[in-house]
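Q: Hi! Could you walk me through the strands in this one?
A: Happy to, let's bring it up.
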Amino acid sequence: MLAVFLSPIYLLFQAYILLWLYAWADSCSPALHSLFFRIPVTVLYLFFAVSPLTGFLITKEPLHHFLRVISNYWLGTLEYILLFIITFDVIRRVTGHSFFMKYRYPAMLHTMPKNLVIFGGFVIGLILMVSIYGVLHARRVYVRQDPVVIEKSSSLPGLKIALIADLHLGYNSTKSHVRKIVDTINSQNVDLVCIAGDLFDNDYDAIKDPDKVADILSDIKSRYGTYACWGNHDVSEKILAGFTFPQKETIVRDGRFTEFLHHAGITMLEDETVCINNAFYLIGRRDKDMAKKEQLPRKTFAEITEPLDPSLPIIVMDHQPGELSEASDAGVDLDLSGHTHDGQMFPANLVVHFLWENACGVLKKGSMTSIVTSGAGVWGPAMRVGTNNEVVIANVSFDPATD
């Protein structure tokens, strides 16, 4: 497993951070050089550093849930600890002869100048500020309005669709956050609600009070109902710090996922099509990763759209926005996706746009429009920095003149 091979690198990073922290503390005061400071600081740091492992190994509740929540906060904070400390040390190395960065570390106490106190304290303050902001920002839900023109005629004057994805119901989610999502959708008076996958976070038991969460989701209001497709995390499998364990056996879907959706009034479409109000088609695709794990067949876009009336608008929910050309060629008019989280946390939000043709936002592909949402929840680190939790409102108009 990849996590096993990466564990030595992880441990080296923890040792590097602790040495940095010792050096900064030594520069602040000789008293902090003592074991009375270092022992409790080391124990506390190691508690957080090993929380991904202890949360995985300890299964007794409520300790298991507590450790998993702590580990998700830790993983987000660790990203900024490494980012800012390594950046700080690179600058220090490059400018090692300049006044404001001239120090040695690790070093003997008598060689440690006081400017490390200032700049090291600045780095620690920056880590705390960004991490706290990321935690608080992840609790907000924004609305994004996207105009869409479908180049076909319709019996409808227009269509207002609420798109959400990546709720990741589990350790990172709360009933209050789910309520915010539902209230945000209901405030928009939409015709249709589409959930483009990853409703769950690999573990049904991670959801606190699932019946109540399902009750909250059942309050979603729309003219034509709430539909969803599966995502790659909508299967039960063990995960350690984001890494899954390879399994020889076929993964069997937890039936409680389906029961939850029935309770919540959400209609799941698995490579299935519904014709709504005799005015448009809505398709839900089976996620490619989920299909592989469960060893289930997955239809191509062409196979799904071939029996449909091409004069009617065709809307697809497909969790991963990875087959846009195939969708466009098959006559799809609107492709709704999630999965990418828009990178979720800086600097990943800059990198993710090099990995996907449409990582987040709106893209025109031939006559088809692709909309990708950054998601309504978070995965892994319980933070958002540089991205938003969002409900996307696709304001669809029909224009046969461009047909």
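A: Let's begin with strand 10 and strand 11 (residues 334-337), which pair in the parallel sense over three bridges. Two strands count as paired if DSSP finds at least two bridges between them. Strands are DSSP runs of E with at least two residues, helices are runs of H or I with at least four, and both are numbered from the N terminus.

Q: Cool, and which residue stands opposite Leu334 in strand 11?
A: That's Ile315.

Q: What unit do strand 10, helix 11 and strand 11 make?
A: A right-handed β-α-β unit, with helix 11 covering residues 324-329. Right-handed means that, with the strands pointing away from the viewer, the path from the first strand over the helix to the second runs clockwise.

Q: Are the side chains of strand 10 buried or exposed?
A: Ile314, Val316, Ile315 and Met317 are all buried (under 20% relative accessible area with a 1.4 Å probe, protein chains only). Ile314 and Val316 point one way, Ile315 and Met317 the other.

Q: How many bridges pair strand 9 with strand 10?
A: Four, in the parallel sense. Within that pairing, Ile283 stands opposite Val316.

Q: Switching topic: what's the strand order in the open sheet?
A: Six strands run 1-14-2-3-4-7, with mixed pairing. Strand 1 (142-150) and strand 7 (266-268) are at the edges with a single partner strand each, so one side of each has no neighbour in the sheet.

Q: How many bridges join strand 1 to strand 14?
A: Nine, and the two run parallel. Ile150 has Phe398 as its bridge partner in strand 14.

Q: Anything to know about the model itself?
A: It's a predicted model, where local features need pLDDT of at least 70, side-chain atom pairs count only at pLDDT 80 or more, and totals for chains, interfaces and linings use all residues. Residues are numbered from 1 along each chain as its sequence is written, and side-chain values use heavy atoms, leaving out hydrogens and water.

Notes
Buried < 20%, exposed > 50% of the residue type's maximum accessible area, 1.4 Å probe, protein only.
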